Each structure stands twice: as C-alpha cells, then as structure tokens.
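Work through these exercises with the structure open beside you. Try each task before you read its solution.

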Amino acid sequence: MPQDGRDESEALASEVCWHYYINEMTQAEVAKALGITRLRVNQAIQKAKSLGMVKVQIESPFLARIELQEELKNKLRLKKALVAPANRDAYDYHVPVGAALASYLTENLSTNQWKSIGVSWGMTLQSAIRRLPQQSRPDIEIVSMIGGTTTGASFNSFGIASGFAERFGANYSILAAPIYLSQNVDRDLFLAPDIFGDHFKKCETLDAAVLVAGDVSQRSYLVSTGLPKEVSPEELAACGAVGDILGRFLDINGDDIPHPLNQRTIGIELDTLKSIPETILAAAGRHKVGIIHAAMKRGLVNTLITDDVTAELLLENSRYP
C-alpha cells in the first residue's frame with residue numbers, strides 16, 4: 001500500500017484514466033499496455049468517477065438550452081422538452097419552433113413508431129411543413145383534429161393536413177366541418193352522419209398529436225379569422241380565457257371557460273388527448289405563456305417544443321407550482 005494510505009487500486013485507476021482520457025486510448029489498448037483485463041480497466045474508470053478523480057466539463061453554446069430543457073421537463077412534468085434558439089433582435093415565434101418541430105417529426109418518423117398523426121392548424125405548423133424533407137411514407141395517415149375556416153387556406157386545418165401529407169408522402173383525413181357551428185345548430189345532429197363518426201374514431205387511436213396554442217388577441221389566427229361575428233375576444237377574456245387549444249378556450253387553470261362557444265366547437269375532445277401516447281405542443285411567444293401553462297395543468301401535453309425566450313418566461317412564471 002502507498003505510504004499516504006491510498007489503495008493500490010486508486011493508483012491503477014489514475015493510470016488507466018490517464019491513458020483512456022488523456023492519451024485517448026481504447027479500453028482494449030489500455031488493458032494490453034498495463035497487462036490487465038478489459039473488465040479491470042472498466043472497473044478502474046468507474047472507480048475514478050465515483051471518487052471524483054474524473055470530472056467532465058462540457059463547454060458548448062448549446063449547454064444553456066439543454067439546461068432549460070431539463071428545467072422545463074422537471075417543472076412542467078413533461079416527457080420531453082425541446083428548446084430552439086430564437087433571434088432576440090428580430091424575434092419571430094413561429095420560425096424557430098417550426099424548424100425544431102420539423103426536425104423532431106422527421107427523427108421520430110425515421111424510427112417507424114407512428115402510423116397516425118393528428119394535426120391542428122396555424123402558422124407554426126405551416127413553418128414546420130416548409131422545413132420538412134420530402135419523404136415517401138404511404139403507411140402513415142395525417143388526421144385533422146379540428147374543423148376549418150374559409151380564410152387562411154395555407155395554414156387552416158385543411159391546408160395543414162394536406163401540407164403534412166404532401167411532405168411525408170402520406171395519406172390524410174380531413175374533418176370537413178367548420179370549427180364553430182352557427183348559433184342554434186344542434187351539435188349532435190350535425191355530427192350524426194357516419195363520416196364524422198369514422199373520423200373521430202381515428203382521432204381516438206392516434207399515435208401522436210401535434211398541437212399549437214393561441215392567446216386571446218389579434219395575434220391569434222383563430223381570434224383574427226375564425227371567431228363567429230357575434231363573439232369578441234374581449235368577451236372571452238372576461239370569462240377568464242387565456243387562450244385556446246384546438247379551438248376550445250381555457251382559463252389559467254386549464255379549465256373550459258363558462259362560454260357557449262366551447263360547446264359549438266367541432267374537433268377532438270380535449271380529454272381524448274390524454275389517451276394519445278405522444279401529445280406535442282409547438283408554441284412560443286410571451287403572449288402564449290398563459291395558455292401553455294393552462295395546457296400543462298390540464299394534462300394535455302407531454303412534449304413541449306418552444307424557444308429559449310419562452311422557456312425562460314415559463315420558468316419565471318410563478319403561477320405554475
């Protein structure tokens with residue numbers, strides 16, 4: 001034993017780690033050089049780590065975002081969080097998140113995990129479509145989860161479903177209905193035809209769902225183009241709305257606001273999202289912090305894709321425990 005009382009195995013661990021980390025030798029090469037087995041080399045490396053002899057320090061511009069992702073996962077109780085870098089001088093809350101979403105979808109489709117993907121609508125999803133590589137996946141079906149509007153054709157529900165399908169080389173199914181029924185129209189009677197029943201059955205068996213969030217201002221595509229004429233955003237805000245998910249307006253706690261508009265919405269029921277294996281919310285912007293928190297509290301999302309500006313605001317926001 002060395003005179004300072006240290007174990008011989010510690011001396012061996014030091015020598016092993018020097019060759020392995022500094023000289024960049026493989027474990028097999030270290031074993032041969034020292035005349036020991038690869039198992040003993042591996043044990044020496046693990047011992048060095050446990051004793052704090054080896055410390056790993058990562059120097060990378062991406063490290064700050066990785067830390068944000070981990071904090072978001074823990075605080076918002078998420079399965080996964082992806083944080084895209086935003087251009088803070090010329091801030092655009094659609095482009096970075098759209099690019100990150102496109103990358104995430106491409107990666108997951110490469111593993112053949114998903115066969116049916118539900119989609120919402122909006123400019124963030126349109127941004128993602130532009131960045132998707134052309135693929136050939138006729139085994140996949142894109143399913144629209146919400147009714148549409150007569151304006152904003154490229155990024156309403158019809159355009160988004162067909163846009164994703166075109167890039168993926170996939171099939172698609174559209175919910176051929178308005179997002180909001182006119183007043184005094186019986187919702188159950190309207191949805192009675194088999195075509196709607198078959199579509200909603202597809203929504204109940206999705207492998208993944210891609211969502212966006214909107215606030216209660218003119219920045220929201222839904223508010224600016226999709227609300228019935230008799231409903232104002234001020235009226236919704238007065239009922240406690242902080243934004244919408246799939247056309248249904250929620251308060252900060254994630255509950256439906258007490259307004260009849262939610263009963264006129266044509267789309268997948270929000271609680272159905274909880275049975276879908278992966279629910280992805282792609283959203284960013286200071287104005288969306290409230291509705292992102294609301295969606296989390298309702299348990300509608302297990303994967304969040306956002307930018308670093310929004311991530312910081314979400315973590316600073318004291319309304320979420």
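## Exercise 1: Strand 2 and its partners

In strand 2, Ser116 and Gly118 point one way, while Ile117 and Val119 point the other way. All four are buried. The model is a predicted one.

**Task.** Find which strands pair with strand 2, and which residues stand opposite Ile117.

**Solution.**

Step 1. Recall the general pattern. In a regular strand, side chains alternate between the two faces of the sheet.

Step 2. Look at strand 3, residues 141-144. Four bridges join strand 2 to strand 3, and the two run parallel. Here Ile117 stands opposite Ile142.

Step 3. Turn to strand 5. Three bridges join strand 2 to strand 5, and this pair also runs parallel. The bridge partner of Ile117 in strand 5 is Ala208.

Step 4. Trace the unit. Strand 2, helix 6 and strand 3 make a right-handed β-α-β unit.

## Exercise 2: Helix 6 and the loop before it

**Task.** Decide how many residues of helix 6 are buried, and what they pack against.

**Solution.**

Step 1. Count. Six of the eight residues in helix 6 are buried, so the helix is mostly covered.

Step 2. Name them. The buried residues are Thr124, Leu125, Gln126, Ser127, Ala128 and Ile129.

Step 3. Find their surroundings. The buried residues of helix 6 pack against two helices, helix 5 (95-109) and helix 7 (157-168). They also pack against strand 5 (208-211) and strand 8 (278-282).

Step 4. Step back into the loop. Ser120 lies between strand 2 and helix 6. Its relative accessible area is 1%. The cut-off for buried is under 20%, so Ser120 is buried.

Step 5. List the contacts of Ser120, leaving aside neighbours within four places in sequence. They include Leu125, Met145, Ser157, Val210 and Leu246.

## Exercise 3: Aromatic pairs

**Task.** Classify the ring pairs Tyr91 with Tyr93 and Trp121 with Tyr221.

**Solution.**

Step 1. Know what to compare. A pair of aromatic rings is described by the distance of the centres and the angle of the planes.

Step 2. Start with the total. The whole structure holds six aromatic pairs. In the pair of Tyr91 and Tyr93, the centres are 6.3 Å apart and the planes meet at 50 degrees, so the pair is tilted.

Step 3. Check exposure. Tyr91 has a relative accessible area of 31% and is partly exposed. Tyr93, at 19%, counts as buried.

Step 4. Take the other pair. Trp121 and Tyr221 lie 4.9 Å apart, centre to centre, with 70 degrees between the planes. Planes over 60 degrees apart count as edge-to-face, so this pair is edge-to-face.

Step 5. Place both rings. Trp121 lies in the loop between strand 2 (116-119) and helix 6 (123-130), and Tyr221 in helix 10 (residues 221-226), so the pair ties together parts 100 residues apart in sequence. Both residues are buried.

Step 6. Add a backbone distance. Tyr221 and Met123 are 98 residues apart in sequence, and their C-alpha atoms are 7.9 Å apart in space.

## Exercise 4: Nonpolar cores

**Task.** Find which residues touch the most other members of the largest nonpolar core.

**Solution.**

Step 1. Read the core. It has 91 residues, and those touching the most other members are Ile142, Phe164, Ile245, Phe249, Leu273 and Leu281. Helix 5 gives the most to this core, with seven residues.

Step 2. Zoom in on Phe164. Not counting residues up to four places away in sequence, Phe164 touches Leu105, Val119, Leu125, Ile129, Leu132 and Ile142.

Step 3. Look for another core. A second, separate one has 13 residues, including Ala13, Ala44, Ile45 and Ala48.

## Exercise 5: Positive phi

**Task.** Asn184 and Leu246 have positive phi values. Is each one buried or exposed?

**Solution.**

Step 1. Take Asn184. Its phi is near 70 degrees. Asn184 lies in the loop between strand 4 (171-173) and helix 8 (187-190). At 84% relative accessibility, Asn184 counts as exposed.

Step 2. Take Leu246. Its phi is about 55 degrees, although it is not a glycine. Leu246 lies in the loop between strand 6 (243-245) and strand 7 (248-250). With a relative accessible area of 2%, Leu246 is buried.

Methods: Residues are numbered from 1 along each chain as its sequence is written. This is a predicted model: local features need pLDDT of at least 70, side-chain atom pairs count only at pLDDT 80 or more; totals for chains, interfaces and linings use all residues. Side-chain values use heavy atoms; hydrogens and water are left out. Rings of Phe, Tyr and Trp (its six-membered ring) pair if their centres lie within 6.5 Å; planes under 30 degrees apart count as stacked, over 60 as edge-to-face and the rest as tilted. Buried means under 20% relative accessible area, exposed over 50%, partly exposed in between (1.4 Å probe, protein chains only). Contact means heavy atoms within 4.5 Å. Two strands pair if DSSP finds at least two bridges between them. A crossover is right-handed if, with the strands pointing away from the viewer, the path from the first strand over the helix to the second runs clockwise. A nonpolar core is a set of buried Ala, Val, Leu, Ile, Met, Phe, Trp, Tyr and Cys residues joined through side-chain atoms within 4.5 Å.
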